[in-house]
Amino acid sequence: MSTTANTPTIEIDARSGFCHGVVTAIRKAEEELERSSEPLYCLGDIVHNSDEVERLENKGLSTITHSDLHNLNGVRVLLRAHGEPPSTYELAKQQNIEIVDATCPVVLQLQRRIKATYDTSSPRPQIVIYGKSGHAEVNGLVGQTSGEAIVVENIDQLNRIDFSRDIALYSQTTMSLQGLAEMVEEINHRLQPGVTFKYYDTICRQVANRVSHLREFSSSHDVILFVAGAKSSNGKVLYNECRDVNSRCYLVSHSGDFRPEWINGANSIGICGATSTPRWLMEQVRDIVASHISRNEEEPK
């Protein structure tokens with residue numbers, strides 16, 4: 001990449017930022033806030049980025065927990081893109097709560113597939129979910145099976161499965177394709193004779209396809225600033241992919257995390273982020289880096 005008189009270039013990755021599911025959820029929240037002055041609650045952080053959560057809270061969106069639902073009645077509650085188990089809908093009905101459903105269509109389709117396997121298969125297989133235990137999306141998926149699904153995050157946890165019984169494997173939408181492939185290979189290796197094993201690649205391609213792109217983007221710059229919230233599961237995965245190809249890759253939650261020494265001697269600086277990272281936050285990071293570079297150039301040599 002060409003540079004001008006030792007001035008580092010700064011590039012924001014055009015394909016980083018919110019996925020369609022998060023964009024839709026935020027748009028729904030903003031539309032509901034504009035439509036009515038009545039309170040609007042969101043069940044959990046609307047996105048795993050504290051800066052974006054704060055921005056929407058300043059517009060009137062209140063973040064609540066599942067335990068708060070029991071104390072609410074006759075209000076509007078937005079369900080974020082991660083989705084919810086059936087029990088949440090049942091409780092909302094009991095409490096006369098109006099649901100504003102912003103579940104990502106990809107997640108919603110996955111919920112329906114898991115529920116169909118659970119409800120209609122005979123005999124019913126062990127339903128295994130490759131995902132992060134306790135993650136909001138995974139909680140919604142497990143809920144489709146009345147809590148019976150087995151969650152495994154890595155190969156070490158496969159001992160939770162009975163390999164003498166049929167298995168149906170699904171994946172949380174934001175897990176890695178490579179990780180799923182390794183899981184399938186290991187399960188096939190451990191299966192006992194006569195056992196039926198079916199697996200379904202339910203990883204969101206908008207997320208999965210970012211891996212190869214981000215690896216290419218990261219390898220084309222001297223320094224990478226990866227912007228993601230501390231709670232972002234997707235952020236941790238993508239950050240590690242970037243760091244795998246560029247050791248000068250730094251994780252920042254907001255512009256205040258930037259350290260000038262990170263870019264010493266760099267000719268090109270790339271800024272990218274997770275599917276939960278707002279574009280405006282990456283721009284803030286760019287601006288503080290550009291400001292530092294400008295101040296350095298103005299100092300007498």
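**Reading the labels in a predicted model**

Me: At the start of α2, what makes the approach of a side-chain oxygen of Asn-49 to the backbone nitrogen of Asp-51 a polar contact?

Reply: In this predicted model, the side-chain oxygen of Asn-49 reaches to within 3.2 Å of the backbone nitrogen of Asp-51 at the start of α2. The cut-off for a pair of N or O atoms is 3.5 Å, so this distance falls inside the limit and the pair is called a polar contact.

Me: Which residues of helix α2 are buried, and what is found just after α2?

Reply: Helix α2 spans residues 50–58, and its buried residues are Asp-51, Glu-52, Val-53 and Leu-56. Each of these therefore has a relative accessible area under 20%, the limit for the word buried. Just after α2, Gly-60 takes a positive phi of about 120°.

Me: Why is Ser-276 called buried, and where is its place?

Reply: Ser-276 has its place in the loop between β12 (268–273) and α9 (279–298). Its relative accessible area is 6%, and buried means under 20%, so Ser-276 is called buried.

Me: How do you know that the side chains of Ser-276 and Ser-232 are joined, and with which other residues is Ser-276 in contact?

Reply: The side chains of Ser-276 and Ser-232 are joined by a polar contact of 3.1 Å, a distance that lies within the 3.5 Å limit. Once its neighbours within four places in sequence are left aside, Ser-276 is in contact with Phe-18, Val-47, His-48, Asn-49 and Ser-232. Asn-49 is thus a residue that touches Ser-276 and also has a side-chain oxygen at the start of α2.

Me: How do you know how many disulfides the structure holds, taking Cys-19 and Cys-272 as cases?

Reply: The structure holds zero disulfides. For Cys-19, the nearest cysteine sulfur is that of Cys-104, 6.1 Å away; a disulfide requires sulfur atoms within 2.5 Å, so Cys-19 is in none. For Cys-272, the nearest cysteine sulfur is that of Cys-242, 4.2 Å away; this distance, too, is outside 2.5 Å, and therefore Cys-272 is in no disulfide.

Me: Are Cys-19 and Cys-272 buried or exposed, and how do you know?

Reply: Cys-19 has a relative accessible area of 13%, and Cys-272 has one of 0%. Both values are under the 20% limit, so both cysteines are called buried.

Me: What lines the largest pocket, and how much space lies in it?

Reply: About 360 Å³ of space lies in the largest pocket. Of the 25 residues that line this pocket, the closest to its centre are Cys-19, Val-22, Thr-173, Thr-174 and Thr-275. The elements that give two or more residues to the lining are α1 (20–35), α4 (105–120), α7 and α8. By class, the lining has eleven nonpolar, 13 polar and one charged residues.

Me: What makes the largest cavity a cavity, and which residues line it?

Reply: Its points form a set where a 1.4 Å probe fits but cannot get out, which means that it is called a cavity, whereas a pocket is an open set. About 40 Å³ of space lies in the largest cavity, and one cavity of 30 Å³ or more is counted. The lining consists of Thr-174, Met-175, Ser-176, Val-207, Ala-208, Val-211, Asn-234, Val-237 and Leu-238. Two or more of the lining residues come from each of α7 (205–219) and α8 (233–245). By class, the lining has six nonpolar, three polar and no charged residues.

Me: Why are Asn-96 and Ser-146 called exposed, and what is the phi of each?

Reply: Asn-96 lies in the loop between α3 (86–94) and β5 (98–101), and its phi is positive, about 55°, although it is not a glycine. Ser-146 lies in the loop between α5 (136–142) and β7 (150–152), and it too is a residue other than glycine with a positive phi, near 55°. The relative accessible area is 55% for Asn-96 and 59% for Ser-146. Exposed means over 50%, so both residues are called exposed.

Me: Where is the cis peptide bond that involves Pro-123, and what is its omega?

Reply: The cis peptide bond joins Ser-122 and Pro-123, with an omega of about 0°. Pro-123 is found in the loop between α4 and β6 (126–130).

How values were computed:
Residues numbered from 1 in each chain as written. Predicted model: local features only at pLDDT ≥ 70, side-chain atom pairs only at ≥ 80, totals over all residues. Heavy atoms only, no water. 1 Å grid on protein atoms, 1.4 Å probe; cavity = no way out; pocket = protein on both sides within 12 Å on 5 of 7 lines; lining within 4 Å. Points joined across faces, edges and corners; volume = space filled by probe spheres on them. Helix = DSSP H or I, 4+ residues; strand = E, 2+ residues; numbered from the N terminus. Nonpolar A, V, L, I, M, F, W, Y, C, P; charged D, E, K, R; others polar. Buried < 20%, exposed > 50% of the residue type's maximum accessible area, 1.4 Å probe, protein only. Polar contact = N/O pair within 3.5 Å; in protein donor to acceptor, adjacent residues only side chain to side chain. Contact = heavy atoms within 4.5 Å.
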